[in-house]
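Student: Got a minute to go through a model with me? I'd like to talk about how the chains meet.
Tutor: Sure, put it up and ask away.

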4 protein chains.
Amino acid sequence: MRRARVIAVIGAGFAPAAVAKLAYEVGREIARCGATLVNGGRFGVMEAAAAGARNRGGRTIGILPGYDRSAANRHIEFAIATGMGEARNAIIVASADAIIALAGEGGTLAEIGFAMKMNRPIVALQSWPEIPRLHRADTPAEAVALALRLAGSRRR
Amino acid sequence: MRRARVIAVIGAGFAPAAVAKLAYEVGREIARCGATLVNGGRFGVMEAAAAGARNRGGRTIGILPGYDRSAANRHIEFAIATGMGEARNAIIVASADAIIALAGEGGTLAEIGFAMKMNRPIVALQSWPEIPRLHRADTPAEAVALALRLAGSRRR
Amino acid sequence: MRRARVIAVIGAGFAPAAVAKLAYEVGREIARCGATLVNGGRFGVMEAAAAGARNRGGRTIGILPGYDRSAANRHIEFAIATGMGEARNAIIVASADAIIALAGEGGTLAEIGFAMKMNRPIVALQSWPEIPRLHRADTPAEAVALALRLAGSRRR
Amino acid sequence: MRRARVIAVIGAGFAPAAVAKLAYEVGREIARCGATLVNGGRFGVMEAAAAGARNRGGRTIGILPGYDRSAANRHIEFAIATGMGEARNAIIVASADAIIALAGEGGTLAEIGFAMKMNRPIVALQSWPEIPRLHRADTPAEAVALALRLAGSRRR
């Protein structure tokens with residue numbers, strides 16, 4: 001069995017409509033490319049990306065903060081209940097081949113920090129201009145293509 | 001989307017042939033019943049159960065101790081890299097609707113402890129006679145049927 | 001600087017008076033021997049042991065389940081906020097040179113499992129007759145003396 | 001018992017001499033003010049800050065990545081073995097009343113992200129000009145005074 005590529009989409013738990021739309025399209029594009037989506041399993045960017053991926057028949061994994069799997073949004077196919085609170089960010093990042101970051105706050109910054117530390121490629125989609133060393137994309141399709149290309153250059 | 005039932009199979013990372021055969025059959029039975037298998041993603045009981053599940057086209061999730069997904073056995077479809085070492089046992093248990101325990105050592109005992117604490121039903125298959133309050137089964141089919149019945153009586 | 005020996009005391013978060021008295025005496029004895037007490041930082045056995053240690057001027061470290069340090073009992077000198085829920089048990093065990101187990105439930109069983117897995121010596125004080133491979137003690141003084149002797153035989 | 005204030009000092013595991021000197025002085029200042037130092041327990045900024053604190057008789061707690069307490073630097077008085085790898089950053093931050101950040105890389109960025117998310121005040125000492133919303137200090141004494149003042153305005 002070949003394992004599918006896994007792309008993490010990170011961003012805030014509350015997302016304005018424009019950001020949610022972007023996240024939805026990123027999720028759809030990930031599914032269209034045959035990759036699996038992993039994220040924090042909750043709301044905002046997480047829910048929108050999962051909805052997009054499911055809309056195209058893609059796989060979705062949610063890495064939850066608590067011990068209650070029913071706290072996952074309804075587009076999560078596999079809910080992992082970590083009970084680790086914010087520290088679950090390290091698991092999301094480690095479980096992905098590449099990361100796409102949308103606008104977000106402290107939690108997203110922690111995930112970017114972990115991705116740097118763990119040497120996972122990060123693509124910033126219309127966000128985080130202040131952080132150096134991130135790859136940049138302007139559209140969902142461009143972000144996913146870039147993430148998959150960068151993922152391809154490292155061992156799974 | 002209805003989420004599938006998730007059954008954890010726990011046991012030692014090194015398994016004698018008779019225990020591995022039992023684990024393989026438990027994995028097959030889980031898949032045959034349409035449930036998803038979750039375990040620690042490594043070898044021994046973990047590998048045998050995943051092989052059995054994949055043989056029947058089932059879903060397999062491995063909750064790994066380190067940050068390296070390539071450390072999963074080859075029958076794991078989705079590899080979650082926790083970086084949490086032994087404490088990942090809590091995640092395996094929390095992510096399942098019911099647990100089936102085969103012969104094991106300290107790690108398995110920790111998982112049984114977590115399952116009691118988190119109120120997840122546990123079925124002991126030919127093992128752990130010294131621990132009170134476990135459900136008992138003699139065959140893989142009986143263990144899976146009992147685990148699914150017990151899982152059914154709690155909210156996902 | 002030589003680091004002091006660290007002894008973990010584990011047991012339930014709710015303790016009947018007789019068990020709490022035992023835990024208090026174990027804490028006092030740990031302090032009297034110049035060792036540091038580590039435990040889960042909450043109530044029942046954890047609070048009683050910490051009170052005993054502080055009564056003799058000993059050091060107490062509480063490894064808390066949540067992110068809120070003010071949830072520690074008032075006899076905890078250093079409160080570590082793990083945010084890891086039940087999985088903090090692995091940290092309590094790994095941070096000790098030896099473990100003393102009083103009567104307890106699932107959480108205590110998980111800690112015993114981790115101690116076996118991590119090769120930390122465990123002394124059962126009037127408890128857990130059903131678990132094989134534990135060292136046994138009948139009084140607090142005997143339990144602490146045995147724990148310190150076993151701790152001495154491993155590298156810190 | 002009143003618990004002492006706890007200040008986390010974060011920064012890279014390898015530090016050039018100028019940064020190490022700054023970290024040493026921050027540690028000394030924390031001890032001089034009667035506060036406890038918490039950090040990652042390893043080398044570079046972590047070791048220098050702990051050495052400074054011990055030089056003034058202060059308390060030092062190291063939150064280690066692995067399960068081996070002997071991996072702590074020799075200025076750590078209490079070594080907590082988390083086994084959580086990079087995710088221990090969340091514990092360091094949660095266990096402090098305020099955070100002082102020196103120059104660092106991905107790990108430090110993750111800690112800043114957690115501090116924002118957990119609402120812990122962060123003082124950047126000659127570092128991280130690109131991150132908004134951090135408090136700024138130019139000298140170790142100024143950083144510690146500011147951290148303690150900010151710590152004072154939140155419940156322990």
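Student: Let's start with A and B. How many residues does each of chain A and chain B put into the contact?
Tutor: Chain A gives 33 residues and chain B gives 33 residues. Keep in mind that this is a predicted model.

Student: And how much area do chain A and chain B bury between them?
Tutor: About 2,800 Å², with 55% of it on carbon and sulfur atoms.

Student: OK, what about charges? How many salt bridges are there between chain A and chain B?
Tutor: There are 4 salt bridges between chain A and chain B. One pairs Arg59(B) with Glu77(A), at 3.2 Å from N to O. Another joins Glu77(B) and Arg59(A), also with an N to O distance of 3.2 Å.

Student: Where do Glu77(B) and Arg59(A) sit in their chains?
Tutor: Both are in loops. Glu77(B) lies in the loop between strand 3 (60–64) and strand 4 (78–81) of chain B, while Arg59(A) is in the loop between helix 2 (45–55) and strand 3 of chain A.

Student: How many residue pairs are in polar contact across chain A and chain B?
Tutor: The rule finds 16 such pairs, counting those where both residues have pLDDT 80 or more. On the chain A side, the elements that give two or more residues to the interface with chain B are strand 3 (60–64), strand 4 (78–81) and helix 3 (88–94).

Student: Which of the elements gives the largest share?
Tutor: Strand 4 of chain A, with 4 residues. By type, the side of chain A that touches chain B has 17 nonpolar, 6 polar and 10 charged residues.

Student: What turn lays chain A on chain B?
Tutor: A turn of 180 degrees, with a shift of 0.0 Å along the axis and an RMSD of 0.0 Å. The same surface serves both copies, since 100% of the contact residues of chain A recur in chain B.

Student: Switching to the other one. How many residues are in the contact between chain D and chain A?
Tutor: That contact takes 18 residues from chain D and 18 residues from chain A. The buried area there is about 1,400 Å², and carbon and sulfur atoms give 79% of it.

Student: Which residues of chain D lose the most area to chain A?
Tutor: Glu86(D), Leu109(D) and Phe114(D), which together make up 32% of what the chain D side buries.

Student: How many salt bridges cross between chain D and chain A?
Tutor: The rule finds 2 salt bridges there. One of them is between Lys117(D) and Glu86(A), where the closest N and O atoms are 3.9 Å apart. With a cut-off of 4 Å, that distance still counts.

Student: And how many residue pairs are in polar contact between chain D and chain A?
Tutor: The count is 0 for pairs with both residues at pLDDT 80 or more. As for elements, helix 3 (88–94) and helix 4 (106–117) of chain D are those that give two or more residues to the side touching chain A. Helix 4 of chain D provides the largest share, 9 residues.

Student: How do the residues on that side of chain D divide into nonpolar, polar and charged?
Tutor: There are 11 nonpolar, 4 polar and 3 charged residues on the side of chain D that touches chain A.

Student: How are chain D and chain A related by a turn?
Tutor: Chain D can be laid on chain A by a turn of 180 degrees and a shift of 0.0 Å along the axis, with an RMSD of 0.0 Å. The two copies are therefore related as by a two-fold rotation axis. In chain D, the C-alpha nearest that axis belongs to Ala110(D), at 1.9 Å. Here too the same surface serves both copies, and 100% of the contact residues of chain D recur in chain A.

Student: Last topic, the fold. How many helices and strands does chain A have?
Tutor: Chain A has 5 helices and 7 strands. From the N terminus on, the order is β-α-β-α-β-β-α-β-α-β-β-α.

Student: Why call chain A as compact as a globular protein of that length?
Tutor: Because the radius of gyration of chain A is 14 Å, close to the 15 Å that the globule rule gives for 156 residues. Along its principal axes, the C-alpha trace of chain A spans about 35 × 35 × 30 Å.

Notes. Residues numbered from 1 in each chain as written. Chains lettered and ligands numbered in written order. Predicted model: local features only at pLDDT ≥ 70, side-chain atom pairs only at ≥ 80, totals over all residues. Heavy atoms only, no water. Contact = heavy atoms within 4.5 Å. Buried area = accessible area lost by both parts, 1.4 Å probe. Salt bridge = Lys/Arg side-chain N within 4 Å of Asp/Glu carboxyl O. Polar contact = N/O pair within 3.5 Å; in protein donor to acceptor, adjacent residues only side chain to side chain. Nonpolar A, V, L, I, M, F, W, Y, C, P; charged D, E, K, R; others polar. Least-squares fit on C-alpha atoms with pLDDT ≥ 70 in both. Rg over C-alpha atoms; globule rule 2.2 N^0.38 Å.
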